[in-house]
Each structure stands twice: as structure tokens, then as C-alpha cells.
Amino acid sequence: MLIFLGKRLIQALIALFILITIVFFMFRLLPADPTAAMVDASLSPETQMQIKASFGLDQPLYKQYFIYLKNIILHGDFGMSFFYRESVISVLASRILNTIILGTTAIIFAYSLGLILGALMAWYRGSLFEMSSIIVGLFFKAAPQFWTGMIFLMIFSYGLGWFPYSGIREAGYEASGIMKYFSMDFLHHLILPATVTGLYYLAQPMLLMRNAMLEITNEPFIELAFAKGLPERRIIFYHAARNALLPATTTLATKMGQLIGGIVLIEYVFSWPGLGREIVMAASRYDYPLAQASFLLIAFVVMFYNVLADLLYGFLDPRIVY
Amino acid sequence: MALLKVENLSTEYDTLEGTLKAVDDVSFEVKKGEALGVVGESGCGKSTVMKSILQLLPRNGRISSGKILYKNKDITGYNNKQLREIRWKEISMISQGAMNSFNPVYNIGKQLIEVMIVQGNYSEKEARDRAIELFEIVGLDKKRLNDYPHQMSGGMRQRSMIAMSLALDPGLIIADEPTTALDVVMQDRILGKISELQKKMELSMLFVTHDISIIAEVCQRLMVMYSGKIAEISTTHNIFKKPYHPYTMGLINAIPTVVEDIDHLVSIPGYPPNLINVLKGCRFAPRCPFATSKCRVESPEMKLVNENHRAACHYIEKADEFREKSHRTETWEGLLV
């Protein structure tokens, strides 16, 4: 188990290193000159050179790469944002948590609802319930997230007034540190974007679960569970659904990556101050240090969930041993 | 007194091609403390009989007529709640433990204890003690309770299965091909165990199998099924000694033996008939070497051979002659199929 975890972590580190390299050179290959964004062209050439030198941009590319790598490894320093003129870490730190909270809530919502619905759909195959669940699931999968977001805002915020329109907390609400995420106010703001995102990701775990369940219900141990006289609910969830969890879990990690990358639209519609919005802005501002670090962060989150999913397999299925 | 009495049971399945009558007008009984073997080819309805009793029929199946009396109460009309009172507490089951009969994600002990707690109102501690006791009975080390199904051999799983079937001291145990998918040595041990327990604990059993030689070892009485109907039913001794139905004769002659000097085994040519469009007459007639024109038109009634021996053949009075001929391979090979 520990050996497996160690191996997985080493793999993740290697993948991260390769990624850092690719991302670094990818941005340098873009036609635009990154320095143009941050050095005012009206300054004298000497001053321009001075500013470039202060960021290390006068160095040859391979040297820049090694400096970049060295700073990350030794100091955990991802450089200075060209736009904000503050360290990339501090810019992202305030954003990434917002995104992770929104994304994780959405994925938990999608998977818990999806798995339960999927299990019941297979059990009550051919029922009206099954048909309507498929339609609802596929509808939200097919509808663009921003559109669903706008419709939900129209109905639940403007129409019914149940939820706030945007942002992450009421103006004037004061809280510091981690505590700002543990308030009714934050929760109130979170529900609508998390629901919209969750609905988009609902269909896959739901349908995967349904298919896995359909196979499981033909297994002899389900028949035996009936013969044992167990209550039906226990058979559905404790025996059948528990066995059908694996395929859907496999998708959890990849979905999480997709979600963090794709959440930008939701963040935009709901004015959610998250990472996705920051990436778009950073790219359009040629703010390379920030964009690079954002990509790395996303990659890191994906890898984290991959390792998590791997560990989950062993927990879900005793036949899988590391 | 009959513990289980099945009266004129018919069970049907709805299929795309039409209604399939898997069990047709079957009557038999299981007495207290006796093991009744049910034998027949795949598709003869033996499993359906078993599933009808436990009411584990798939969604497209239903009992279309007849009664199943358990302790003199008809259980065919029972709803889920009433069935749960019967299941495992009164009628338990030994399924093919070597196959996927245990849930792969829970350890064996947990699955054993589960039924005792949920169905038998045992406390966690009592259930665990009982599980250890049951494992001793079937000859397994109690450490094995913590094993997951995949960590056990087929034979061990089958023993665990037997242990589980005994958990709540049921009145009747239905064994569904308990030795299929085991190697012969393990088959023999498991059968020995079942037979030993059956005699020692005076278990009432319904033993379903396609292997008639197995029945001889375990069961006191035997029922041969063919194509959804009972061909012959009597004590195991009677049937092996003096079968009256040509199908039974064929089955018995197909058992290899090391004692007698027989050059070759007899096999019954052909296949069981389609149960959707059932032909008139005796269902075995197309494969029967002794069939006459009467057999092809008129379906035989169950006839009493003697006090506890019934057979469904028009010519039970000619059985001695049939028996003689049935030993010869030519009798069966001369058939046009």
C-alpha cells in the first residue's frame, strides 16, 4: 500500500516536471512578445532593458528555464505576475480555493445524486422514473453550462429571489481566513453555481452506474440476497450498488480535471472569483508567469484526484491489492 | 407428514417468442428429515421448481397455477413481508458457492453474520459465535471468516455456503447444483459433508442437480424431470434398481461404473423439446426407443407403479422388457433423431 502510494507519487512528480517544461516552452513559442505586456513602450530603451533584466527576461531561454525550475523547486516560487506585480502564489492562493470549493461541491453533488439515481434506475428498469431521469440527465449534459446558469439565475435569483445573483459573499460581509468559507452567506452563494455545474456532470456517473447495476442485478449473489430475505433497500444499496460503484469512480478523477478546466464559464456567469476566470484573463494579458502557474495548479489538482481514485479502488474492491 | 407439498405447480416465462411453460403440472412432496433429489437435463424445469418454491423467479416468470404448501400453508400468494418471514428462517438455500454466490466486496464472515442479524435477530456477538460454530461444523478454520470470497478456493466457498444455509436452523434447505464447478475430488468431499450433515441433523432437503450419480449418494428419494414434467418419482433405491420410465433408464445407463464390466456407456441421443410450442403426446417420445404411435398422440398420465413409485409412461407394464433392452447401446443408436 505505502509502496504503491510512493510509486504513484513519484510518477506524479515526473509528470509534473514534464508538464512544467512543456508549459514553459509552449508560452515562449507564442508569437507575442511577453515583455511587451509589462514594459511600457514609451520608456527609454535603457529603462526597458533594466525592467527586463529585473525579471530575468534578458537571459537566454534555456537559462530562463533553469532559473524558473530552480525557483520552483528550491523556493516554491512561481515568479511575479506581470499584471498584478505581486507574487503569482499570492494571486492564485486567493483564487484556487474558491474554484476547488465550487468544483468539489459540484462533483460531490453530481456523483452522490448520480450514483443513487443510477442505482435506482437500473433497479426499476423500464419505469417512468428511469425514463425521466435519463431525459433530465441528458438535457443538462447537452445544454451549455452558461446557458443553464443564466436560466437558473433568471428563475431562482431574479424570478423567485431565492439566491443571490453573483459573487461569493454579500457586500460588507466581513470574515477572515478560512472562516469565510464556513458561513451561511457563503453557502447561499455557493448553491446555485454548484447546482448548475453539478447538473452538467450528473449524466455520466448516473448512466455508468445504471449500466453497472444492470449487470450486477443478474449476479447470483443478488438472488441469494433475496433468498436470505434481506429487505429490498438493503439489497439495492448494500449489495448491488456497492458492487457497481467502480466504473463510475474511475471517471471521478478525469471529471474533476475536466471540471476545474471547464468551470471558467460558470465562474464567469456567476462572477465567481475563481481560477478559471483568472486563467483567461492572464492569457489575454500575456501574463505568462500567472498563466503557467495556473496550468500547473490545474494539473496538480487532476493528479491529486487521480491518486485519490486509485486509492479508492482498493477501498471499494477488496480484489484490488496494491 | 409432508413438510413441503407441491401440488399441480405450473410456472411460465414470458419470452419474445411466446409463453414458455417451464414447469407443467408438477406435484411432489418432501417429508421431514428426508432429502429429495431432483434430476434432469438443462432446461427440464428443475431450477424453475426450486425458484418457484423460494419465489425467486425472474421478472418475466410467474407461477401460473398450483399450490406450494409449506407446513400446510400455501405460500404462493405471499407478499414480500410474508415471504421474508419464510426466507432463510424456514427455507434456506445452498447455491453454487463456487461461482459468484458471495458478494465479492464483503468478507465471508460479514455475509454469514448479516443474515443472522437481519433475519434472525441475533446480536453481533451471538452471530459471530454462531458463525464460528457453523464453520466448525463444515470443517473450516474460523480465521477464514475474515477472508473475502476471492481468497477462498471453490471448495471452501461451498463449505461456507453450507454453513450459511444452516445459520438459522431452517426447516428446509434447497441445494441448487452445489457441486457444479468443483473438481471431482472436491465434489466428493462436499457431497460427503452434505450427506453427513443431512443424516446427522435430520435435515429436510431438496437437492437439484443434473448429475444423477450425485443423488444416489445424498438423497433418499429421487424425482426425475423431463421437459417441465415429472418422468418418475420414487425412492432412490427403487429407481436405481427398477426404473420404469425409459428416460430414467437412459440416465442410469449413462453413469460410468468401475464395478461392472461394461464396454461403453449409453447416451440418449437428441435434445429436449422446445417448451414454447409443445408437441402433443409424450414429450420424451421423439427420443424414446420404445415409443409407439400412441405415445406421439396421447400424453401419459402419472401412474402408480407401487405404493411410493410413480412414473409417467404408457407402458409401465412393459418396463422389464425395456430395462433389458436399455442396457444395449444399439437400442439407443438405432434411433432416427
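**Strand β9 of chain B and the helices of chain A**

In this predicted model, B:V39 has B:V224 of β9(B) as its bridge partner. That pair belongs to the parallel match between β3 (residues 35-39) of chain B and β9(B), which is held by 4 bridges. On the other pairing, β9(B) runs antiparallel to β10 (residues 229-235) of chain B, with 6 bridges between the two strands. Here B:Y226 is matched with B:K229 of β10(B). The hairpin formed by β9(B) and β10(B) leaves 2 residues between the strands, and B:S227 adopts a positive phi near 55° there.

As for burial, β9(B) (residues 221-226) is mostly covered, with 6 of its 6 residues buried. B:R221, B:M223 and B:M225 point one way, while B:L222, B:V224 and B:Y226 point the other way, and all of them are buried.

Chain A is another story. Its secondary structure amounts to 14 helices and 0 strands, and its C-alpha trace spans about 85 × 55 × 35 Å along the principal axes. Of its 322 residues, 35% are buried. Among contacts in chain A with a separation of 6 or more, 75% link residues 24 or more positions apart.

The two chains also meet: 16 residues of chain A are in contact with 21 residues of chain B. On the chain A side, the elements giving two or more residues are α10 (220-227) and α11 (232-262). The biggest share comes from α10(A), with 6 residues. By type, the chain A side splits into 7 nonpolar, 3 polar and 6 charged residues.

Conventions
Residues are numbered from 1 along each chain as its sequence is written. Chains are lettered from A and ligands numbered from 1 in the order in which they are written. This is a predicted model: local features need pLDDT of at least 70, side-chain atom pairs count only at pLDDT 80 or more; totals for chains, interfaces and linings use all residues. A residue is buried if 20 or more other C-beta atoms lie within 10 Å of its own, exposed if 12 or fewer, and partly exposed in between; C-beta atoms are placed from the backbone. Two residues are in contact if their C-beta atoms, placed from the backbone, lie within 7 Å. Ala, Val, Leu, Ile, Met, Phe, Trp, Tyr, Cys and Pro count as nonpolar, Asp, Glu, Lys and Arg as charged, and the others, Gly among them, as polar. Two strands pair if DSSP finds at least two bridges between them.
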